[in-house]
Structures are given as C-alpha cells and as structure tokens.
Amino acid sequence: MFDSSSWQPRFLATGVGSLPYAQAETALSQIWKALPQAPHWPQLPQLGAESSFVGQYLKVLIETGCIGGFEQPRFQVDAPDWTERMAHFYEYYLHAEAGDPNALAEFGFTPEGGLGFNEFCDVLDQQGTQEALLLKGQLSGPVTLGMQITDPNRKAAYYDDFQRDILVKSLRCHARWQTKRLAQYGLPVLMSIDDPGLYAYGASTHLTLDRTILIENINEVAEGILAEGGIPGAHVCAGMDWTLLFDSKIRVVNFDAYEYMTSMAVLAEPLERFLQKGGVLSWGIVPTSVKAWGESAASLRERLETNIKELTKRGVSEDRLRSQSMLTPSCGTGTLDIELAERIYALLQELSTSYRD
C-alpha cells in the first residue's frame, strides 16, 4: 500500500476534473497529452444531468428511491414508504462497509454518468499506465451536493441531519469504490473531494454551518479513500478558511492560487503545520478564464515564484513547500470553449515541465 506520509510530488501537474468535450476519447487524448505523469478521468458535463457535477454521484440514491431523479434531484421525504427507502439505502451501505463488492458497486456510476471514468479505465487496461506516476480521480463534496439537492419544500438537504448523513455515507462509499477501481493499476491514487460549497463557512448567509460537523463530514469521505490506500485531496475554487482542510484527514489541498492567493497567505502558520505533517499544497495557478490567453508558462512561473516567496517570508519552509507542491488549473474547464480549455492544459503542461526538468 502506498505510504503518502513522505510523498513529494515536486510540482507534478494534474487536472481538476471537467472538460468541455462531448466525446470521452477526445477528452482523454487531451489529458494524456498534457498530463502524462498524473492523468485524471474526464468529467463531461456537456453530456447532460446524469454526467453533471451533482448527477454523477446519485446512482444508488435514485435506485433506492431516496432521490427522485437526475434533472431536479430532491429527497423523497414525503413518500409514504420513505422509511423503507432509507432502510434500503443503509442496507447497501452496511454491506459495502462490511466488504461486499456487489454492494460497494452500487455506489459507482451509471453507464452514462461514468462514461469518462470507464473510458479512462479502458485505456489503462489496453495501454497500461504508460508514463504515469499517479492516477487521479474526483468526486463532488458533501456541502456542495447538500446545497444543490433539496427536499420537496426546496430546503437544502445539507441542513437536515438525516439527508446529510445519507449524502455523506453515499459519497464515502463512492470514494472508496472509485479509489479501489483505480488502485488496481498499481499506482498511487489521488482522490479529490471537489467541494466549492465549503467557501460558505463563516459567511453571514450560512451562519448555521458548524466547523466540527464540516470536518467530520470531510473526514468520513476521506476515510473511504484511505481505506483503499488512496490519497485524500480536496479542491475549493474560492477563498475560504483553509484550516478546515488543514485540520482534517485531507492530504492534498488544491486552491485557486491565481485569484485567491491572499486567502492562503494569511494562513501561513497553519499551512506550515499542515506541510510539516506531510500535507501537499496543490496550486491552481493556471486561470480557467479568458485570462489564460494573456499568460504564458513564464509569466505563470513568475507569479508562482512570487507567491512562494510571500509564504516563505511569512514562515513557511521553502524546501518543504517546493517538494510538497502540485500544479493544476484553478478550476475545472467543463463550461469553457474547447480552444480555451486546450490552452489551459497546454500552459499547465509547459509550466510543470519547466519545474520538473
């Protein structure tokens, strides 16, 4: 089993997840070309609700009747047999946790929702891992899903203890299933929990979000990844209180270093403690906007070096920072036009190569 406690990626580059293609083969061609050392499977939101950031992770919840559909996912708490539906879900969960592979598979993707993942695995089956040093997967996080999915009265599911528990346990088992599938290829597996909703903690509009519960939820999903020997990561494409992640079982923190560097710089001391215990900082340094047209690998490297100097000045170990850093785009590229997405991946490849050479 891979020991991530001393892992030093040294500016290894990977993607966040989504790409704007309608064909998995085209997306994978781009990924393997730009990120041969840390390829990820492509999320393909252009294919519809079942392949969306929310819909991909609902298979078991829809099959058990806990949620009513992919288009407008809502918990069916008003159904006369709601208790039986919940019991059906928890039965799957308990069997999966006990090691039943068939029960665990229920937490995977639908054929349509998992098209990019399945094609990724097909390439690995047929061509091997090639130059890869690591394989990267991803799933949506509990806060983001819990804010997007509602009950019949359109109240966010995250604010209901029972609905939140179902979501978290569903994501935990999905994370475990996905990590297990990718681990069979013999490389370390980085599994990122993409949870932009975490930025809401501390905001006046979300005062009821509790730090302890947020960390417990993150840890529950991370433990599913750790159970299969994976490296638990988290991605948030906004400024937030990063100590939520530093104080959790997350090992790789991926942030938008292009637009929100200040949110990390003010937390230099807790960042240093995170790195001291083996954590990895993943820099989303390539902007996922039209700003990418005005950047080059050289200009992004200059920006990154300025940011590293700022953290070093604030007490972060430069040697530790350089050895325990990764590179990504600032967010997914699924909503962008194809030409811009390809520009972003090309910049990322060139920047990572300049560091790793």
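## A salt-bridge partner to start with

Glu223 is partly exposed, with a relative accessible area of 27%. Please keep in mind as you read that the model is predicted. The side chain of Glu223 meets that of Arg172 in a salt bridge, at 3.2 Å from N to O. This pair links distant parts of the chain, as Arg172 sits in helix H7 and Glu223 in helix H8 (residues 211–227), 51 residues apart.

Arg172 has another partner to look at. Glu97 also forms a salt bridge with Arg172, and here the closest N and O atoms are 3.0 Å apart. Again distant parts of the chain are linked: Glu97 belongs to helix H3 (residues 82–97) and Arg172 to helix H7 (residues 161–183), with their positions 75 residues apart.

## Buried or exposed?

Is Arg172 buried or partly exposed? Arg172 counts as buried because its relative accessibility is 11%, and buried means under 20%. Glu97, by contrast, is partly exposed, with a relative accessible area of 24%.

## The wider salt-bridge picture

How many salt bridges does a search of the whole structure find? The search finds 19 salt bridges. Some of the residues involved are joined up: Glu97, Arg172, Arg176, Glu223, Glu228 and Lys249 are linked in a network of salt bridges.

Another pair to look up in your viewer is Arg314 and Glu310, which form a salt bridge with their closest N and O atoms 2.6 Å apart. Arg314 counts as partly exposed at 41% relative accessibility, and Glu310 counts as partly exposed at 25%.

## The largest pocket

Now for the open spaces. The largest pocket has a volume of about 470 Å³. It is lined by 29 residues, and those closest to its centre are Ser18, Gln43, Pro45, Phe53 and Thr335. By class, the lining of this largest pocket comprises twelve nonpolar, 15 polar and two charged residues.

## The second largest pocket

The second largest pocket has a volume of about 150 Å³. Its lining includes Leu12, Ala13, Ala34, Leu35, Pro36 and Gln37, and further along the sequence Gln349, Ser352, Thr353, Arg356 and Asp357 also take part.

Which element gives the most to this lining? Helix H14 does, with four residues. Strand E1 (12–13) and helix H14 (338–356) each supply at least two residues of the lining. The lining of the second largest pocket divides into five nonpolar, four polar and two charged residues.

## Enclosed cavities

The count comes to three cavities of 30 Å³ or more. The largest cavity has a volume of about 60 Å³. Among the residues that line it are Thr14, Gly15, Val16, Lys136, Leu190 and Ser192, and Gly233, Ala234, Val252, Asn254, Ser282 and Thr328 line it too. Strands E3 (189–194), E4 (231–236) and E5 (252–255) each supply at least two residues of this lining. By class, the lining of the largest cavity has four nonpolar, seven polar and one charged residues.

The second largest cavity has a volume of about 40 Å³. Its lining includes Trp41, Pro42, Gln43, Leu44 and Leu47, together with Ser51, Gln56, Glu112, Gly113, Leu115 and Gly116. Five nonpolar, five polar and one charged residues make up this lining. Gln43 is worth finding in the viewer, as it lines the second largest cavity and is also one of the residues closest to the centre of the largest pocket.

Methods
Residues numbered from 1 in each chain as written. Predicted model: local features only at pLDDT ≥ 70, side-chain atom pairs only at ≥ 80, totals over all residues. Heavy atoms only, no water. 1 Å grid on protein atoms, 1.4 Å probe; cavity = no way out; pocket = protein on both sides within 12 Å on 5 of 7 lines; lining within 4 Å. Points joined across faces, edges and corners; volume = space filled by probe spheres on them. Nonpolar A, V, L, I, M, F, W, Y, C, P; charged D, E, K, R; others polar. Salt bridge = Lys/Arg side-chain N within 4 Å of Asp/Glu carboxyl O. Buried < 20%, exposed > 50% of the residue type's maximum accessible area, 1.4 Å probe, protein only.
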